[in-house]
Amino acid sequence: MSVTVSSSEVAGGRPVVEIDPSSGFCHGVVAAIRKAEEELERHSAPLYCLGDIVHNGDEVERLRRKGLSTVTHGDLESLAGARVLLRAHGEPPSTYLTARRLGIEIVDATCPVVLQLQRRIKQTYDTSGPRPQIVIYGKAGHAEVNGLVGQTDGEATVVENISQLDRVDFNRDIALYSQTTMPLDGFEAMITEIERRKAPEVVFRYYDTICRQVANRVNHLREFAAAHEVVLFVAGAKSSNGKVLFSECHDVNPDTHLVSTAADFDPSWLGGASSIGICGATSTPRWLMEQIRDIVNDCIDRSLS
């Protein structure tokens, strides 16, 4: 399929193709991947990862070729004595207990921000005296949220939006936490609604536990998307963060296209654009965005030759 480039673009020079410098892995994912690579180089024994190390199929496959095998919680019983890496999302206490029982060596790559949040929730849960309801603003079933709920022996209430606040008893004290990757405006809306609905005597405390490296990307990405005629948003199909950030970019620039792998790229998307932006989710590897950039540049070169 050919790419159409207008004569004015040819006269004025080739179209600009820019990768957003702020896109890509957050610090926690970078550290987890680095730890996995170091462990693979240091030991000849197999290394297993409990769940995809990152929600990007290309990066998971790259690490698989290096020797990192992805397993599920159901596989743990057959991995006695093995080495298992815990990804940045974190795990509930039950996973550590299972590993101890089976003699599994844990390589813990839990993000420090997530680990701190787990400890704070555990501290609230273990408080002496009347225990407040622990409410977690997050996505039920998400790996990080499963780890957070596990700090409360499964008692925490998970709410993803205001409509789910009916699950909360507004006549009991409330402690509100947030999954680290949720949007700030959503958390603020939760606070406002709980304040409005709680009984006067209820003690309501909230803790802003949202990772700013992730939260601050929304405004930046919206600016980046608005600055380009066409945007290619690179993210894995499993990435919940990717879906949110893609939606933000598309809201600003309808000519934003989702690319999960290089095979998804459609040259016709470029049209006569003179400015093409490439960005991605916190689970998107830099090398994949660079691969998409190279494909785009090849298309442009063929069009201009």
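This report covers the overall build, charge pairs and nonpolar cores of a predicted model.

**Overall build**

The protein has 305 residues, and 51% of them are buried. Its secondary structure comprises 11 helices and 12 strands. Along the principal axes, the C-alpha atoms fill a box of roughly 75 × 55 × 25 Å. Among contacts with a separation of 6 or more, 72% join residues 24 or more positions apart. The exposed surface comes to about 14300 Å². Carbon and sulfur atoms supply 49% of that area.

**Charges and salt bridges**

The protein carries 31 positive and 41 negative charges. The mean positions of the two sets lie 5 Å apart. Side chains of opposite charge can pair when their charged atoms come close. The structure holds 20 salt bridges. The table lists some of them, with the N to O distance for each pair.

| Acidic residue | Basic residue | Closest N to O distance |
|---|---|---|
| Glu-37 | Arg-62 | 2.8 Å |
| Asp-208 | Arg-212 | 2.5 Å |
| Asp-294 | Arg-293 | 3.2 Å |

Glu-37 and Arg-62 form a salt bridge. Glu-37 sits in helix α2 (residues 27-42) and Arg-62 in helix α3 (residues 57-66), so this pair ties together parts that are 25 residues apart in sequence. Glu-37 is partly exposed, at a relative accessible area of 22%. Buried would require a value under 20%.

How exposed are the partners in the salt bridge of Asp-208 and Arg-212? Asp-208 is partly exposed, with a relative accessible area of 37%. Arg-212 is also partly exposed, at 36%.

The salt bridge of Asp-294 joins it to Arg-293. Asp-294 has a relative accessible area of 37% and is partly exposed. Arg-293 is partly exposed too, at 27%. Elsewhere, salt bridges with shared partners link Glu-39, Arg-42, Arg-83 and Glu-105 into one network.

**Nonpolar cores**

In soluble globular proteins, nonpolar side chains tend to be buried together. The largest nonpolar core here has 21 residues. Which residues have the most contacts inside it? They are Val-29, Ile-33, Leu-47, Ile-53, Leu-68 and Leu-85. Two elements, α2 and β2 (47-50), give two or more residues to this core. Helix α2 gives the most, with 5 residues.

Leu-68 shows the packing at one of these positions. Setting aside residues up to four places away in sequence, Leu-68 touches Ala-36, Leu-40, Leu-47, Tyr-48, Cys-49, Ile-53 and Leu-63. Leu-47 and Ile-53 thus appear both among these contacts and in the list of best-connected core residues.

A second, separate core has 18 residues. Its members include Val-135, Ile-194, Val-202 and Ile-210.

**Tyr-177 and its surroundings**

Tyr-177 lies in strand β8 (residues 174-178). Is Tyr-177 buried or exposed? Tyr-177 is buried, with a relative accessible area of 2%. Its contacts beyond four places in sequence include Val-135, Phe-187 and Tyr-207. Val-135 is also a member of the second core. Further contacts of Tyr-177 include Leu-117, Arg-120, Ile-121 and Thr-124. Ile-134, Ile-136, Tyr-137 and Thr-209 are in contact with Tyr-177 as well.

Gly-57 is another matter. Tyr-177 and Gly-57 are 120 residues apart along the chain, and their C-alpha atoms are separated by 30 Å.

Definitions and conventions: Residues numbered from 1 in each chain as written. Predicted model: local features only at pLDDT ≥ 70, side-chain atom pairs only at ≥ 80, totals over all residues. Heavy atoms only, no water. Helix = DSSP H or I, 4+ residues; strand = E, 2+ residues; numbered from the N terminus. Buried < 20%, exposed > 50% of the residue type's maximum accessible area, 1.4 Å probe, protein only. Contact = heavy atoms within 4.5 Å. Areas by Shrake-Rupley, 256 points an atom, 1.4 Å probe, with all protein chains shown as cover. Lys, Arg positive; Asp, Glu negative; His and termini not counted. Charge placed at Lys NZ, Arg CZ, Asp CG, Glu CD. Salt bridge = Lys/Arg side-chain N within 4 Å of Asp/Glu carboxyl O. Core = buried A, V, L, I, M, F, W, Y, C linked by side-chain atoms within 4.5 Å.
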